[in-house]
Amino acid sequence: MSETVCTKCEGTGMCQSCNGHGYFICGSCEGDGVETCPTCGGVAHFEGEEGNLMQCYDCGGEGTVPCRDCEGTGTLYCEQCDGTGRCNMCDGNGVMS
Ligand SMILES: [Zn+2]
Ligand SMILES: [Zn+2]
Ligand SMILES: [Zn+2]
Ligand SMILES: [Zn+2]
């Protein structure tokens, strides 16, 4: 029986979706894991009724909040390869058995 090069990964054995990493860089936060706070727009403070500065309750004065898409990790789990980084068609071997 001859071995056939895997058509999905073209013999690399790597998951083509994530380039073998097992994860993606989160597009929403570009890998930072944080987003600009939607409540204060990154300013982190509000002006109170008496002109005093009040800390933004949503971000705690940081101006940023953990990214909701990646939950603050900066990366997204690759479902194509179950996070292994291996081609799911040839199981990382690069050839079809
Ligand atoms: Zn493959
Ligand atoms: Zn805020
Ligand atoms: Zn993110
Ligand atoms: Zn993958």
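Strands here are DSSP runs of at least two residues, numbered from the N terminus. With that in hand, here are the legends for a predicted model.

**Figure 1. The whole chain is built from strands and loops, with zero helices and eight strands.**
Read from the N terminus, the elements go β-β-β-β-β-β-β-β. The radius of gyration is 22 Å, well over the 13 Å that the globule rule gives for 97 residues, so the protein is more spread out than a compact globule. Along its principal axes, the C-alpha trace spans about 80 × 15 × 10 Å. Of the 97 residues, 16% are buried. Looking at contacts with a separation of 6 or more, 66% come from residues 24 or more positions apart.

**Figure 2. A zoom on the largest nonpolar core, which has nine residues.**
Seven cysteines you can pick out here are Cys6, Cys9, Cys15, Cys18, Cys78, Cys81 and Cys87, and Met14 and Cys90 belong to the core as well. What does Cys6 touch, once residues up to four places away in sequence are set aside? Its partners are Gly11, Cys87, Met89, Cys90, Gly94, Val95 and Met96. Cys87 and Cys90 are core members too.

**Figure 3. Gly85 sits in the loop between E7 and E8.**
Here the chain meets a stretch from far back in the sequence: Gly85 and Cys15 are 70 residues apart along the chain, yet their C-alpha atoms are separated by 5.2 Å. Leaving out residues up to four places away, Gly85 touches Met14, Cys15, Cys18, Gly20, His21 and Gly22. Among these, Met14, Cys15 and Cys18 are part of the nonpolar core. Is Gly85 itself buried or partly exposed? It has 19 C-beta neighbours inside 10 Å, and buried takes 20 or more, so Gly85 counts as partly exposed.

**Figure 4. Two residues that aren't glycine, Asn19 and Asp91, have a positive phi.**
Most residues other than glycine have a negative phi. Asn19, though, has a positive phi of about 60°, and Asp91 also has a positive phi of about 60°. Look for Asn19 in the loop between strand E1 (4-5) and E2. Asp91 is in the loop between strand E7 (75-77) and strand E8 (95-96). Asn19 has 13 C-beta neighbours inside 10 Å, so it counts as partly exposed. Asp91 is partly exposed as well, because 15 other C-beta atoms lie within 10 Å.

**Figure 5. Gly31 lies in the loop between strand E2 (23-25) and strand E3 (34-36).**
Which residues does Gly31 contact, leaving aside neighbours within four places in sequence? They are Ile25, Cys26, Gly74 and Thr75. Leu76 is 45 residues from Gly31 along the chain, and the two C-alpha atoms are separated by 9.2 Å. With 15 other C-beta atoms within 10 Å, Gly31 is partly exposed.

**Figure 6. Gly48 is in the loop between strand E4 (45-47) and strand E5 (53-55).**
Why does Gly48 count as exposed? Because it has 9 C-beta neighbours inside 10 Å, and a residue is exposed at 12 or fewer. Apart from neighbours within four places in sequence, Gly48 is in contact with Leu53 and Met54. Gly48 and Val65 are 17 residues apart in sequence and 21 Å apart in space, going C-alpha to C-alpha.

Note on methods:
Residues are numbered from 1 along each chain as its sequence is written. Chains are lettered from A and ligands numbered from 1 in the order in which they are written. This is a predicted model: local features need pLDDT of at least 70, side-chain atom pairs count only at pLDDT 80 or more; totals for chains, interfaces and linings use all residues. A nonpolar core is a set of buried Ala, Val, Leu, Ile, Met, Phe, Trp, Tyr and Cys residues joined through C-beta atoms within 7 Å. Two residues are in contact if their C-beta atoms, placed from the backbone, lie within 7 Å. Helices (H or I, at least four residues) and strands (E, at least two) are DSSP runs, numbered from the N terminus. The radius of gyration is taken over C-alpha atoms; the globule rule is 2.2 Å times the number of residues to the power 0.38.
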